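Let's take a walk through this one together, starting with the overall picture and then working down to individual side chains. Keep the viewer open as you read.

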Amino acid sequence: MTSVNGVMLSPMQKWEYATVPLLVHATKQILDTWGDDGWELVAVVPGPNPEQLVAYLKRPKG
């Protein structure tokens, strides 16, 4: 920990990110698998075709 003017500061959290294609018929299974590995869903956006979505995930580095 760092001290600034007598106030203890925690180190800044660092993140890693992943972009994952999601198939509409298997979305829950795909997200559960990534979630089991510590990834948190940040956003889902349309993919290159109507059958696909793209998920953005993050997890703490380290």
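Of the 62 residues in this protein, 16% count as buried. Keep in mind that what you're looking at is a predicted model. As for exposed surface, the protein shows about 4,900 Å², and carbon and sulfur atoms supply 58% of that.

Now for the layout. The secondary structure comes to one helix and five strands, and if you read along the sequence you get the pattern β-β-β-α-β-β. The radius of gyration is 17 Å, well over the 11 Å that the globule rule gives for 62 residues, so the protein is more spread out than a compact globule. You can see that in the box too: along the principal axes, the C-alpha atoms fill roughly 55 × 20 × 15 Å. And how much of the contact map links residues far apart in sequence? Among contacts with a separation of 6 or more, 45% come from residues 24 or more positions apart.

Next, the inside. In soluble globular proteins, nonpolar side chains tend to be buried together. Here the largest nonpolar core has eight residues: Ala18, Val20, Leu22, Ala26, Ile30, Trp39, Ala55 and Leu57. Two elements give two or more residues to this core, namely β3 (15-23) and β5 (52-60). Of these, β3 gives the most, with three residues.

Pick out Ala55 from that core and look at its surroundings. Setting aside neighbours within four places in sequence, Ala55 is in contact with Ala18, Thr19, Val20, Leu22, Leu31, Leu41, Ala43 and Val44. Three of those partners, Ala18, Val20 and Leu22, are themselves listed in the core.

Another core member worth a click is Ala26, which sits in the loop between β3 and α1. Is Ala26 buried or exposed? Its relative accessibility is 16%, and the cut-off for buried is under 20%, so Ala26 counts as buried. For a sense of scale, the C-alpha atoms of Ala26 and Val45 are separated by 16 Å, with their positions 19 residues apart along the chain.

Stay with β5 for a moment, and go to Gln52, which has its place in that strand. Gln52 is buried, with a relative accessible area of 19%, a value just inside the limit because buried means under 20%. Beyond its neighbours within four places in sequence, Gln52 is in contact with Pro21, Leu22, Val24, Pro46 and Gly47.

That last partner, Gly47, is found in the loop between β4 (40-46) and β5. Gly47 is partly exposed, at 22% relative accessible area. Not counting residues up to four places away in sequence, Gly47 touches Gln52, Leu53 and Val54. Which distance separates the C-alpha atoms of Gly47 and Pro21? They are 7.5 Å apart in space, although the two residues are 26 residues apart along the chain.

On to the charged side chains. How many salt bridges does the structure hold? There are two. One joins Arg59 and Glu16, with the closest N and O atoms 2.8 Å apart. This pair links distant parts of the chain, since Arg59 is in strand β5 and Glu16 in strand β3, 43 residues apart. Both ends are partly exposed: Arg59 at 24% relative accessibility, and Glu16 with a relative accessible area of 27%.

The other salt bridge brings together the side chains of Lys28 and Asp32, at 2.4 Å from N to O. Here both residues lie in helix α1 (residues 27-36), four residues apart, which is about one turn of the helix. Lys28 is exposed, with a relative accessible area of 60%, whereas Asp32 counts as partly exposed at 37%.

Finish on the outside, towards the start of the chain. Val4, Val7 and Leu9 form a nonpolar patch on the surface, with about 230 Å² of accessible area together. Leu9 belongs to strand β2 (residues 7-9), and at 38% relative accessibility Leu9 counts as partly exposed.

Terms used:
Residues are numbered from 1 along each chain as its sequence is written. This is a predicted model: local features need pLDDT of at least 70, side-chain atom pairs count only at pLDDT 80 or more; totals for chains, interfaces and linings use all residues. Side-chain values use heavy atoms; hydrogens and water are left out. A nonpolar core is a set of buried Ala, Val, Leu, Ile, Met, Phe, Trp, Tyr and Cys residues joined through side-chain atoms within 4.5 Å. Buried means under 20% relative accessible area, exposed over 50%, partly exposed in between (1.4 Å probe, protein chains only). Contact means heavy atoms within 4.5 Å. Patches are made of residues with over 30% relative accessible area and no salt bridge: like charges are joined within 9 Å, nonpolar side chains (Val, Leu, Ile, Met, Phe, Trp, Tyr) within 5 Å. Accessible areas come from the Shrake-Rupley method with a 1.4 Å probe; for residues, only the protein chains shown count as cover. A salt bridge is a side-chain nitrogen of Lys or Arg within 4 Å of a carboxyl oxygen of Asp or Glu. The radius of gyration is taken over C-alpha atoms; the globule rule is 2.2 Å times the number of residues to the power 0.38.
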